[in-house]
Amino acid sequence: MNKILSSASETSAAEPGMADAVIDVTQPAKSRSGGFSHLVYVLRENPVTAFAFAMFGVLIFAAVFGPSIVPYDPLETNAASVLQPPSMAHWFGTDNLGRDVFSRVVVATRLDLVISVAAVALSFVIGSFLGAIAGYRGGWTDITLNRVLDTIMAFPLFVLAMGVVAALGNSVANIIYATAIINIPFYARLVRAEVNIRRNAGFTLAAKLSGNSDARILAFHIFPNALPPMMVQVSLNLGWAILNAAGLSFIGLGVRPPTPEWGIMVAEGANFIVSGEWWMALFPGLSLMIAVLTFNLMGDGLRDIVDPRRRT
Amino acid sequence: MLSIKGLGVAFRTRNGEVNAVKGIDFELAKGERLGIVGESGSGKSVTSYALMRILDAGGTIKSGEAVYGGIDLRRASERDMRDIRGREISMIFQNPRAALNPIRKVGHQIEDVLRRHSRATRHNAKIKAIEALEAVKIRDAAARYESYPFELSGGMCQRVVIALALACDPKLIIADEPTTGLDITTQKAVMDLVDDLVRARGMSSILITHDLGLASQYCDRIVVMKDGLIVEAGDPVELFTNPQHAYTRKLVHATPRRRGTIRSLLPEGERPDLEPHVIGEKPLIDVINLAKTYQGKSGPVHAVRKISFTVHEGESVGLVGESGCGKSTTSSMLVRLLDSTSGSIFYRGEDIATLPAAGFAKHPLRSKIQMVFQDATDSLNPRFTARQAIADPLHRLMGMRGDAVTTRTEELAEMTGFPAHLLDRFPHQLSGGQKARVGIARALATEPDFLILDEPTAALDVSIQALVLNLLADLRVRLGISYLFVSHDLNVVRLLCDHVIVMQNGSIVESGPVATVMENPQHPYTRELLSAAPQAPEREIA
Amino acid sequence: MAVRGTSVLTRIAQAIPVLFGVIVISFVLTRALPGDPAVQFAGIMATPETIEETRAKLGLDKPLPEQFVVYLGQLFQGDLGQSVSTGRPVLTELTSRLPASLELTLSALLLSCLVAVPLGVLAATRPGSWVDQICRLLVTMGVSLPTFFTGVMLIYIFYYLLGISPSPLGRLDFIYLDPPHVTGFFLIDAALVGDWETWFGAFKQLILPAVTLALFTLAPIARMTRAAMLSALSSDYIRTARAAGLGSGRILCGYAFRNALLPVVTTLGMVFSFVLGANVLVEKVFAWPGIGSYAVEALIVSDYAAVQGFVLAMAFLFVFLNLVIDLAYSLIDPRFGTSGK
């Protein structure tokens, strides 16, 4: 009986019309093409992603080890060497108080990364949770959530962040909260949509037939499938969060001088641009750009790593 | 009028170049209706796309020629091709609603084509468009002219697509799986329409389909393709009574038809004996006055109207009907994914309709009633390997752990003919037939008494369907389970089921032993369904 | 068509609870501002008694819900309070400064659409070509650049290094007089009276900030246009059109583009949100006298009525813009409001 019914001679039934890949049914699959080897595969396939991950590594390194290895104390002023252009002694020059710009830029990495990662983590967790419940339950839960999200999104987001930080006070924690709040709607909406699509999918119904409770289905069956598109959103958000925090500091909210932070440094540097001292604003600005670019480029790579359909 | 010689088409893919068509020859005479039949991956659709030169970006015609009225379509300029398309050669596709511009009125879309080929001017375009709609027998054509595709049914959309294709009186029409996604009665209406128009206008046609029965009914000559090559060509009756090539024979056998048993779907020589399955005396499932009513936008919608039927132990009951008849709602209620509005479902004497669907996942009876879904791809979690998918109910409903799970999973895989070495693959790495087997293995994991199969072979190639149907027949002998087999394909139901129920508009219009109902249908709707099913020419040898 | 009409009305009705929520949130936010406004209003020479009097006069001694109701009442009369920093009613401040912000924002959006949309369309129709590569590069870079940084750098290059641009000190150099007020948009007002010198002066001042803002909005619009065009071009109905022989001009413009517009229009809503925020930053960099810089100044001196008014105004503006976008969408998509999507 097994001889006729075995599928060893089947070829794949792909979409009619276009070329099919004939699946090799004779080779056994790699035992759980392990997470790590898949990671390596993704990086090799896509050099841009590999570059982004490398840059990310550099940023992490600067954040963790920066303060210990910079040549100068970022807060130390030096009246004698004020507004020096970049030189061998000061790679990025000095600012109007004689502080070394390079040291400040490197040390600022930690603060900016911490702010963005914390804010995004917070909004990811809260937003996904709310979105998942609303997307799965539907009905009043869904409608209420939509109204709340609409109200948050009715504010131009940066303006809302301004308002929140102004109301709660100038501190790093408040910037994190403000950034988290304005990012929640993105995750909530995305997760809600992804859960909604899959709520009546075949495998969801099959999971119910297999004895899974609703909570299990949401957590273990549906949500993991929503992860790949969320990865892209996470990486974009990390970039926005940094820009957001820097923007707030630029207008004087949030981080206070003399703390080194990229946004404040650009603000301070902006005053001197019109007199030609460009290095104070350029280097922190470029660092901002590089950090955000890194996160944006990582998005696709993260998605590929998390999506089992990219495994061949 | 059309002559293809040595045509070869290749695609650039991630894994290098793939040859979809590897050198085919055929000819088409004026007024002739040709059928190209093949399963997925045969290259049948690619051939027509190549003719029309509308291949995707990665595709090129590598070799051969396609001569139409003296012009080699392969070497013609894009400009000339644009003139030929629509005016000389037209094409209609599957999935008709998606084939129309969603934000443009249907009438305007036809006008665009008319004016492009200078068959109408700005002033008379509207009149001609309405005429084109009338030619495809659309009632109230003037009103329909103003409609958007989303306002029309699937069958109507297909008629509009046909009107679009025929608007400029082409000489050749190519129909690429035009009946996919349509109900069987609509299928017949559409195919008859195309056939009438083709004959009336003296056109030639090429019908591309996977259904040999359909092709034999509507074509003068059939060409069979496999893996980019033509394996056989000939007259439909000849092909059915005397197939030469092994593949053709396989296809012919696998095409469900009136005579024969389930085993006769398989190729000769690969038909082990089949013991008859035993049907018990006691009813397993007793459905009494089951009904489901929804609150629609404009009043209540009666999806299911007080139906009653019985499934005995070991019996296979077929549930037949077109879309909207309530068969999906019925199966959802039976498998307890959906609550009924009224009525009872007795499982061995216990009314399970009273148990709410929301909590049924935890009920001890959950393991006894299971379902196999229509779209195997959709019903498998893309993140679960085949092993994990099959093991899930073992963990949740049988409380099994560790080695017990592994053993049972492999046992189930063996039972359903799923190769054990593929168990650790993800769904996207499996073929359609393999996925179907995983779905069946998963459903059988908890040793259910009653299995609902919702069109389980609808998405499969016909030769794979033959294998899966035989697998189902073997399993019921071995395990003694009852089936509720939901399908639109009457021939399949005839081969597999003992008893058949026909539904229309939420009610059962006819029911009875399968032989009786099929040979001697009482209700007009049943007769309509039976006559709409594509008829393959009868074979002498079963 | 009736379906669309009622859907539009439904959309407008849906905006009302949102506006209410906005009012509540902005009220809560600004009541939580640090600094005691009573002290500020009373002035430097105030005694504790006068401060208490001021507090009572401002209604700050009443319980919060009562303050809210009073606030609502004032809103309906168009009273947004007095601005501490300037002494004028907040509403007047906002309305006098709004045209400056609008002129900047709208010209930036117009500029970026004029560049981004054709770029996206070209990139989609010629995948892999240099246009496509440029588009993708621009998009990736564009979303990574901080607006304030680009502004600062542009000033450095064009004002300091090249000397082309005038000094970034507002809308009009002091040698020019403001054109007679009709719309508040200097470019329009100057053109209306034919004062081309002033027009040119205003234009020179507007260029750099508008380009800065435009660069910011270029990226998401180009990206969405490209993606939407690609998706439209690979759809079934385009295949049908090609198979019917419709020429590439007709196919591109008529069919694909109009369908591609739908997600682009939706994206514009999101872009508006960002641009209204980025506006604040650009106004600070270029000392543009709009409502954004007004808000920043107000924040620093804890002028809570001004900040509240600003946040409210921005939110209302944004809700209004979104309604306009939805309306535009309903015009393009006949399926609006039905389940035909």
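These legends describe close-up views of a predicted model.

**View 1. The surroundings of A:Pro86.**
A:Pro86 sits in a loop of chain A. The loop runs between helix H3 (47-69) and helix H4 (101-137). A:Pro86 is partly exposed, because 16 other C-beta atoms lie within 10 Å, and a buried residue would need 20 or more. Beyond its neighbours within four places in sequence, A:Pro86 is in contact with A:Trp91, A:Phe92, A:Gly93 and A:Trp279. A:Met280 is 194 residues away from A:Pro86 in sequence. In space, the two are 9.7 Å apart, C-alpha to C-alpha.

**View 2. Helix H10 against helix H11 in chain A.**
Helix H10 of chain A covers residues 262-273, and helix H11 of chain A covers residues 279-306. They pack at an angle of about 145°, with their axes 7 Å apart. The crossing of H10(A) and H11(A) is left-handed. From H10(A), the residues in the contact are A:Trp262, A:Met265, A:Val266, A:Glu268, A:Gly269, A:Ala270, A:Phe272 and A:Ile273. From H11(A) they are A:Met280, A:Ala281, A:Pro284, A:Gly285, A:Ser287 and A:Leu288. By class, the contact of H10(A) with H11(A) has ten nonpolar residues, three polar and one charged. A:Met280, part of this contact, also appears in View 1, at 9.7 Å from A:Pro86.

**View 3. Helix H7 across helix H9 in chain C.**
Helix H7 of chain C spans residues 147-161, and helix H9 of chain C spans residues 196-233. Their axes come within 9 Å. They cross at roughly 140°. H7(C) and H9(C) are therefore oblique to each other. The crossing is right-handed. H7(C) brings C:Thr147, C:Thr150, C:Gly151, C:Leu154, C:Ile155 and C:Phe158 to the contact. H9(C) brings C:Leu208, C:Pro209, C:Val211, C:Thr212, C:Leu215 and C:Phe216. Eight of the residues in the contact of H7(C) with H9(C) are nonpolar and four are polar. No charged residue takes part.

**View 4. Chain C around the two helices.**
Chain C has 13 helices and zero strands. Of its 341 residues, 43% are buried. Take the contacts in chain C between residues at least 6 apart in sequence: 71% of these join residues at least 24 apart.

**View 5. Where chain B touches chain C.**
Chain B gives 26 residues to the contact, and chain C gives 20 residues. On the chain B side, four elements each supply at least two residues: helix H2 (78-87), strand E6 (89-92), helix H3 (106-116) and helix H6 (154-166). H2(B) has the largest share, with five residues. The side of chain B that touches chain C holds 15 nonpolar, five polar and six charged residues.

**View 6. Chain B behind the interface.**
Chain B has 18 helices and 20 strands. Its radius of gyration is 25 Å, close to the 24 Å that the globule rule gives for 542 residues, so chain B is as compact as a globular protein of that length. The C-alpha trace of chain B spans about 70 × 55 × 45 Å along its principal axes. Buried residues make up 53% of chain B. Among contacts in chain B with a separation of 6 or more, 67% join residues 24 or more positions apart.

Definitions and conventions: Residues are numbered from 1 along each chain as its sequence is written. Chains are lettered from A and ligands numbered from 1 in the order in which they are written. This is a predicted model: local features need pLDDT of at least 70, side-chain atom pairs count only at pLDDT 80 or more; totals for chains, interfaces and linings use all residues. A residue is buried if 20 or more other C-beta atoms lie within 10 Å of its own, exposed if 12 or fewer, and partly exposed in between; C-beta atoms are placed from the backbone. Two residues are in contact if their C-beta atoms, placed from the backbone, lie within 7 Å. Ala, Val, Leu, Ile, Met, Phe, Trp, Tyr, Cys and Pro count as nonpolar, Asp, Glu, Lys and Arg as charged, and the others, Gly among them, as polar. Axes are lines fitted to C-alpha atoms, for helices over the stretch in contact, and angles run from 0 to 180 degrees between N-to-C directions. A crossing is left-handed if the near helix is turned anticlockwise from the far one by less than a right angle, and right-handed if clockwise. Angles under 35 degrees count as roughly parallel, over 145 as roughly antiparallel, 65 to 115 as roughly perpendicular and the rest as oblique. The radius of gyration is taken over C-alpha atoms; the globule rule is 2.2 Å times the number of residues to the power 0.38.
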